[in-house]
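Open the model in your viewer and keep the selection tool handy. We will go from the overall fold to single residues, one stop at a time.

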Amino acid sequence: MLRLTAQQHDWMLAVQREHLGATLGDVLRTQWPALAAKLLDRVPAFIDAALQQAGRHGLADGAHAARYLNLWCVWGPAFEDKPEFAWARDILQDERRPPAVKVQQLAMRSRDELAQRPAAGVTPEQFDTADAALEAAAGGAPAASWIDKPPGALAPRQ
């Protein structure tokens, strides 16, 4: 059996996050060109910060973290810390919800918010397209992994 030291494990996670970040960067530039133009060479740092924050919220799976990144693209960095996003903070802090459910509920509520705020500049359809593209780029199936639910159970998105 192979055993990793804590340092090796941390290094491996950092390499995985870096690879995921590069992949998501390509999709972010395609799906959110205005944001990418605003960030310029800070896109990798933006993505890395979002992935780290996703991990702190228990969204460690690449697909879940990618969907969380999409929320940052719409609402801004650390949006859940802002008073108007108390609903997001409540979802993320609820330990009874598995990660797939948390990210799905955040996406559903965000979609509703976007439908009510046409002046936000983002349509629910744009949000959905970017959400699916980032999730697919992360290598995630549109369903939560078997760890989050019993085999054969429907995913939150379905």
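Helices here are DSSP runs of H or I with at least four residues, strands are runs of E with at least two, and both are numbered from the N terminus. This is a predicted model, in which local features need pLDDT of at least 70 and side-chain atom pairs count only at pLDDT 80 or more, while totals for chains, interfaces and linings use all residues. Residues are numbered from 1 along each chain as its sequence is written, and side-chain values use heavy atoms, with hydrogens and water left out.

**Stop 1: the whole chain**

Show everything as a cartoon. You will find seven helices and zero strands, running α-α-α-α-α-α-α from the N terminus. Now colour by burial, where buried means under 20% relative accessible area, exposed means over 50%, and partly exposed lies in between (1.4 Å probe, protein chains only). Of the 158 residues in the protein, 39% are buried. For contacts, meaning heavy atoms within 4.5 Å, take the pairs at least 6 apart in sequence: 52% of them join residues at least 24 apart.

**Stop 2: two loops**

Select Ala78, in the loop between α4 and α5 (86–93). Its phi is positive, about 50°, although Ala78 is not a glycine. Most residues other than glycine have a negative phi. Is Ala78 buried or partly exposed? Ala78 counts as partly exposed because its relative accessibility is 23%.

Next, pick Leu40, in the loop between α2 (33–39) and α3. Leu40 is not a glycine either, yet has a positive phi of about 55°. With a relative accessible area of 59%, Leu40 is exposed.

**Stop 3: helix α7**

Select residues 124–137, which form helix α7. The expected span of a helix is 1.5 Å times one less than its number of residues. For the 14 residues of α7 that should give 20 Å, and the end C-alpha atoms are indeed 20 Å apart, so the two agree.

Which residues of α7 are buried? Show Pro124, Phe127, Ala130, Asp131, Leu134 and Glu135 as sticks: these are the buried ones. They cover an arc of only 130° around the axis (taken from the directions from the helix axis to the C-beta atoms), so they lie on the same side of α7. An α-helix has 3.6 residues a turn, so residues three or four places apart point the same way. Add α1 (6–31), α4 (62–75) and α6 (99–116) to the view, as the buried residues of α7 pack against them.

Stay in α7 and click Ala133. At 22% relative accessibility, Ala133 counts as partly exposed. Leaving aside neighbours within four places in sequence, Ala133 is in contact with Val27 and Gln31. Draw a distance from Ala133 to Gln31: these residues are 102 apart in sequence but 8.0 Å apart in space, C-alpha to C-alpha. Just after α7, look at Gly139, which takes a positive phi of about 80°.

**Stop 4: the largest pocket**

Finally, select Gln16, Arg17, Leu20, Ala60 and Gly62, which among the 16 lining residues lie nearest the centre of the largest pocket. On a 1 Å grid over the protein atoms alone, a pocket is an open set of points with protein on both sides within 12 Å along at least five of seven lines, and lining residues have an atom within 4 Å of a point. The largest pocket holds about 330 Å³ of space, a volume being the space filled by probe spheres set on the points, which are joined across faces, edges and corners. α1, α3 (43–56) and α4 each supply at least two lining residues, and α1 gives the most, with six.

How values were computed
1 Å grid on protein atoms, 1.4 Å probe; cavity = no way out; pocket = protein on both sides within 12 Å on 5 of 7 lines; lining within 4 Å.
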